[in-house]
Amino acid sequence: MWIYEKKLQYPAKVGKTDLRMAKYLITQYGGPDGELSAALRYLNQRYSMPTNVTKAICNDIGTEEMAHLEIIATLVYKLTKDATAEEMRKADLGGHYADHDNALYYVDATGNPWTATYIQAKGDPAADLHEDMAAEEKARATYQWLIDLTDDPDLKDTLNFLRVREIVHFQRFGEALMLVQEYQNSKHIF
Amino acid sequence: MQREQLEMLKRLQALEFTAVDFHLYLDTHPTDQRALADYANTVREMEQVKAAYTRNYGPLLPTDNLGEPCWRWIEEPWPWEIEY
């Protein structure tokens with residue numbers, strides 16, 4: 001189970017409303033390399049992980065991704081706060097306004113809805129952990145491109161926190177991969 | 001949100017984040033004695049700050065809502081509404 005704690009993992013701050021940036025940033029909410037994809041991928045893969053370490057790492061990184069999803073949602077909420085239909089239209093968010101008003105929705109930067117085809121569960125721990133490491137690298141790169149797209153120092157700061165977490169998660173998944181391969185070699189499972 | 005509350009919230013966020021980072025490290029290094037001790041010290045300090053925060057400003061968990069005259073859990077601001 002999960003228990004909700006009424007606070008963010010990191011103080012998510014923006015310097016100003018910025019609808020264009022919100023349109024790009026939403027990809028880390030509902031895009032292929034976003035936090036929803038990450039959380040659902042890892043929390044789903046844990047059931048077919050064979051060792052204590054791999055079960056724990058999928059469970060615990062998956063849980064942290066839920067906290068990151070909430071940070072992204074908060075940033076988008078703040079970037080779009082009180083935007084009018086006209087402002088949304090000018091920022092190329094008229095389509096979003098027609099379907100959702102100012103509500104958040106799980107889409108990528110060009111409006112494609114989130115899909116389970118973004119993620120995989122192969123049942124093979126080495127295959128799944130390699131996917132997880134690639135996912136962390138793709139998310140790290142996305143955060144870098146998003147940092148490049150904004151000149152807001154507050155937003156850059158929060159995005160940089162999330163970027164660095166991807167590097168740490170990559171490291172932990174890599175350690176789990178080495179340990180599970182040692183385990184498989186010792187058991188002669190191929 | 002008043003400055004004093006905000007500073008305490010940020011202190012709590014920093015401590016809880018430190019605990020999360022040690023936690024993930026311990027998942028792949030479960031017998032590292034130094035990390036176990038650092039984790040324990042961080043959590044002890046975090047629990048103290050958390051107790052002081054909820055005493056002064058209301059519940060972070062629904063189960064913190066003990067001895068309150070009403071269900072303060074529903075009070076604003078929610079996490080996405082806080083201006084840092």
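This briefing walks through how chain A and chain B meet, and then looks at one helix of chain B. Keep in mind that the model is predicted. The two chains bury about 2500 Å² between them, and 29 residues of chain A and 31 residues of chain B take part in the contact. Helix 1 of chain B, covering residues 3-28, packs its buried residues against parts of both chains.

**The contact between the chains**

- Carbon and sulfur atoms give 62% of the area buried between chain A and chain B.
- On the chain A side, the residues that lose the most area to chain B are A:Glu5, A:Lys6 and A:Lys7, and together they make up 28% of what that side buries.
- Three salt bridges turn up across the interface of chain A and chain B.
- One salt bridge pairs B:Asp21 with A:Arg165, and their closest N and O atoms sit 2.9 Å apart.
- There are also eleven residue pairs in polar contact across the interface, both partners being at pLDDT 80 or more.

**What chain A brings along**

- Two helices of chain A, helix 4 (52-79) and helix 8 (153-187), each supply at least two residues of the side that touches chain B.
- Helix 4 of chain A gives the most to that side, with ten residues.
- Sorted by type, the residues of chain A's side split into 15 nonpolar, three polar and eleven charged.

**Helix 1 of chain B**

- Helix 1 of chain B has 26 residues and runs 39 Å from its first C-alpha to its last, close to the 38 Å expected at 1.5 Å a residue.
- Its buried residues include B:Leu6, B:Leu9, B:Leu12, B:Gln13, B:Leu15 and B:Glu16.
- Further along helix 1 of chain B, the buried residues include B:Ala19, B:Leu24, B:Leu26 and B:Asp27.
- What do these buried residues pack against? Their partners are helix 4 and helix 8 of chain A, together with helix 2 (33-57) of chain B.

**A closer look at B:Phe22**

- B:Phe22 is part of helix 1 of chain B.
- Is B:Phe22 buried or partly exposed? B:Phe22 counts as partly exposed because its relative accessible area is 22%, while buried would mean under 20%.
- Setting aside neighbours within four places in sequence, B:Phe22 is in contact with B:Ala35, B:Asp38, B:Tyr39 and B:Thr42.
- Take B:Thr42 from that list: B:Phe22 and B:Thr42 are 20 residues apart in sequence, and their C-alpha atoms are 9.1 Å apart in space.

How values were computed. Residues numbered from 1 in each chain as written. Chains lettered and ligands numbered in written order. Predicted model: local features only at pLDDT ≥ 70, side-chain atom pairs only at ≥ 80, totals over all residues. Heavy atoms only, no water. Contact = heavy atoms within 4.5 Å. Buried area = accessible area lost by both parts, 1.4 Å probe. Salt bridge = Lys/Arg side-chain N within 4 Å of Asp/Glu carboxyl O. Polar contact = N/O pair within 3.5 Å; in protein donor to acceptor, adjacent residues only side chain to side chain. Helix = DSSP H or I, 4+ residues; strand = E, 2+ residues; numbered from the N terminus. Nonpolar A, V, L, I, M, F, W, Y, C, P; charged D, E, K, R; others polar. Expected span 1.5 Å × (residues − 1). Buried < 20%, exposed > 50% of the residue type's maximum accessible area, 1.4 Å probe, protein only.
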